[in-house]
Amino acid sequence: MPLMMSEEGFENDESDYHTLPRARITRRKRGLEWFVCGGWKFLCTSCCDWLINVCQRKKELKARTVWLGCPEKCEEKHPRNSIKNQKYNIFTFIPGVLYEQFKFFLNLYFLVVSCSQFVPALKIGYLYTYWAPLGFVLAVTIAREAIDEFRRFQRDKEMNSQLYSKLTVRGKVQVKSSDIQVGDLIIVEKNQRIPSDMVFLRTSEKAGSCFIRTDQLDGETDWKLKVAVSCTQRLPALGDLFSISAYVYAQKPQLDIHSFEGTFTREDSDPPIHESLSIENTLWASTIVASGTVIGVVIYTGKETRSVMNTSNPKNKVGLLDLELNQLTKALFLALVVLSIVMVTLQGFAGPWYRNLFRFLLLFSYIIPISLRVNLDMGKAAYGWMIMKDENIPGTVVRTSTIPEELGRLVYLLTDKTGTLTQNEMVFKRLHLGTVSYGTDTMDEIQSHVLNSYLQVHSQPSGHNPSSAPPRRSQASTPKVKKSVSSRIHEAVKAIALCHNVTPVYEARAGVTGETEFAEADQDFSDENRTYQASSPDEVALVRWTESVGLTLVSRDLASMQLKTPSGQVLTYCILQMFPFTSESKRMGIIVRDESTAEITFYMKGADVAMSTIVQYNDWLEEECGNMAREGLRTLVVAKRTLTEEQYQDFESRYSQAKLSIHDRTLKVAAVVESLEREMELLCLTGVEDQLQADVRPTLEMLRNAGIKIWMLTGDKLETATCIAKSSHLVSRTQDIHIFRPVTNRGEAHLELNAFRRKHDCALVISGDSLEVCLRYYEHELVELACQCPAVVCCRCSPTQKAHIVTLLRQHTRKRTCAIGDGGNDVSMIQAADCGIGIEGKEGKQASLAADFSITQFRHIGRLLMVHGRNSYKRSAALGQFVMHRGLIISTMQAVFSSVFYFASVPLYQGFLMVGYATIYTMFPVFSLVLDQDVKPEMAILYPELYKDLTKFRGTVGDQHGSEHSSNEQTWSWNSSRQPTHDPQGRGREGDPFPSRPSSFGF
């Protein structure tokens, strides 16, 4: 029994929490304890944020009226259309870098110690002995940051300097991307990036529409169809845009990339023309024009564009090892203070004891060696060089050299789907007709059936055009007649060739250089020159398959399409109605009329869950869909219904009335369409495979064995994401999958979370909308339940949601996270994670440039983590401990010396000798630890459990809970195991992949 059913009840009652596992919510400490434990840092941060907000004076976003081609008529000042990924400017660079360095206790301590040498009473040695190491560390850090900042500046300058054609009263002029203003009319050519958010006014395509690629915005490489404003598309010439008085009213800038509300108004006509604008009339920045040439009016620029609003600001990433060393430094400082107090106490507090106390603090300061940061920074540079020089992972680039150890401490890996796990190349794999199934090795049989079918049609005498298909009115009147296999294959192939939204495109012939504005260039209509455009790669795969078996889509516009048969005849079909695919309906349909026979047919295809209740009774559909899904194939059910002229006319009148209704238009239109979706004839079931990247399955298996939990965050549809999760073995075949039902309020979220809580050891699949609702009311509960799952798939996620999920994981689990992606929509997620990895792929280099590490293939992440990440972490841990040990040795000698000479605060060694001991004299033996290797790389990859063992903080500097030296016996042991020791079986120590006492270093 649900506790409550109404949303209102949940708003006012908190008692429903007791049915959900409560997360551990720590209450904020108050008073002096809170201030000492970090409250001072919180107060300082809050004050800085307040000052920044006051200085920036962030203005409120408002709706706007944009006049075509008249930027000067804008009522408000809008931001520049420039891209800026830099962290600092010329004034904030030095203060910013120094703040990032001295906010760590280690560096701040050295700064105080160095400054104390300017006081004569406290001076112990030469100034250079303190300032030279500190200055070297700061110089290296500033130089590294300056180089990174200059590279970011160059990339931004390259993007902002791209030239675009701007339409003015005097004609076309070239303008830089950064100089584009709200109200400008911008011409964007094919394969060119759209520089700002625009409303689509005009295109060179006759149909008044074009395709754009949005992979850099939402991660989907499916091409999206955009429609020009009909009023401006109908204008005779391009220059007529300036002869009309028109404006666009646009809503205020917002994050949502899937919606837009606005109006287009032309004032100089009688009466004025008003057109409503929706998402299909927009061209968002960072998308690519895939067909034709487009003209748009700019409505949002710079930081008000959808792509920039969905991108988080870059932050300085600090490795967990550095944070742990910072905490360890504080502990050593306490030991230093205690030792100094003991010395002053034994001295009897004679004379100016406070001065002696401070001098002892300076004498024993080598307990916290300045060379620690120098050695670690040099080690990190060496690790980065080794990663980039590894021949087994060519093309890998280390862009953030300060966190290589993070690669060895990961617990959660959050990955994109499209282009990261998959190649986004669909291949037709299976056609099932109920009694017979065809795979890739039997496609030639389908081709011969299609060829014979059309040859028979062509040879039969008919009063119609010889290229026409035979009339099939008898099928509507006698549906129970058993058809031959050849006839069923013919019907299925024709249905697949007609039921889609694919458009064939032909490239202009080489040598055509006409400059006629928006003129249609000469085109080559040969098969080799044809490419297909569609909003889904599945549909392109289906149309390419029909072409391979003999039925080719040769042309299409908004009103008709043409198919070419194996014999070369062209069949023309008139498109009467189109019902596009939606995530709610999970199906799409089309009504066509065969011009040769005047036969009207309603074709439909969709997911099995949506089509199973629509098609006629059968006993094989559910079973075969399950079989294909287990193979990782994406299934589509294809069906048809033949309509009489009277049936269609009745439907068209009811459909037109529903589309004109003001109230509940969507529901009424859906009801009319559903009146056709009854007792449809099931034609076939198709299976399409989204090809995975090379070695994805073994790589994911390796990561799981290493103790890394994998979450897939994608902007794709739920069904697609689920199929890829199965085919990539992200979810094993024996695991159950819990699909989180769509929820819209707190009550539904509560009930669904209760249902999910009862499941055990099952993968979670949840959509972005449901995730948003659950996080609003049950954030702690959802994250805790999700973290218990072996795998999580989040579909229909916006870029902001991806980054939010990463942040939640970091906050709730306190574990290290890694995000990997290849598109511009993954940048926020990559920057929010502790470690970001970008893949250079088909979706461009935006993710690669924003990431900490860049790789060329997903499979390279295995070696990057298991070998380089593990080695970097172990080596830095050993190096840090050894440097501290070296400092303790010299401090112990100083303590003995002072004790022998009546606790005098005099240095044991003078001048450069102390600095040399901590740097040059002992540098090479200590720094050789960066070359240490406890197991061979092949062994580390073969046994990923070694990585899992490392994340338990064995033989390392330690975790945040005080286990810094939980296994010092392992860490400080000499590497005697380098020399093989033989056991009774004759197996040497070197061959043991799991040594009982792994060493951290050796000579």
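Begin by selecting threonine 601 in this predicted model, and then add threonine 642, which is its bridge partner in strand 25. Widening the selection to residues 600-606 shows strand 24, and residues 634-643 show strand 25; these two strands run antiparallel and are joined by seven bridges.

Next, bring in the rest of the sheet around this pair. The sheet is open and has nine strands with antiparallel pairing, and their order across it is 17-16-26-25-24-23-22-21-20. Which strands stand at the edges? They are strand 17, at 437-438, and strand 20, at 552-556, and because each has a single partner strand, one side of each is left without a neighbour in the sheet.

Now select residues 621-630, which form helix 17, a helix that packs on the sheet and touches strand 16 (422-432), strand 25 and strand 26 (681-692). The direction of helix 17 makes about 10° with that of strand 26. Helix 21, at residues 718-727, also packs on the sheet and touches strand 16, strand 25 and strand 26, but the direction of helix 21 makes about 60° with that of strand 26.

Move on to residues 768-777, where you will find helix 23, which is mostly covered, with seven of its ten residues buried. Among the buried residues to colour in helix 23 are Gly768, Leu771, Cys774 and Tyr777.

Finally, select glutamine 216, which lies in helix 6, at residues 215-218. Is glutamine 216 buried or exposed? Its relative accessibility is 13%, so glutamine 216 counts as buried, the cut-off being under 20%. Add lysine 845 as the last stop: glutamine 216 and lysine 845 are 629 residues apart in sequence, while their C-alpha atoms are 9.6 Å apart in space.

Conventions:
Residues numbered from 1 in each chain as written. Predicted model: local features only at pLDDT ≥ 70, side-chain atom pairs only at ≥ 80, totals over all residues. Heavy atoms only, no water. Pairing = 2+ DSSP bridges. Helix = DSSP H or I, 4+ residues; strand = E, 2+ residues; numbered from the N terminus. Contact = heavy atoms within 4.5 Å. Axes fitted to C-alpha atoms, helices over the stretch in contact; angles between N-to-C directions. Buried < 20%, exposed > 50% of the residue type's maximum accessible area, 1.4 Å probe, protein only.
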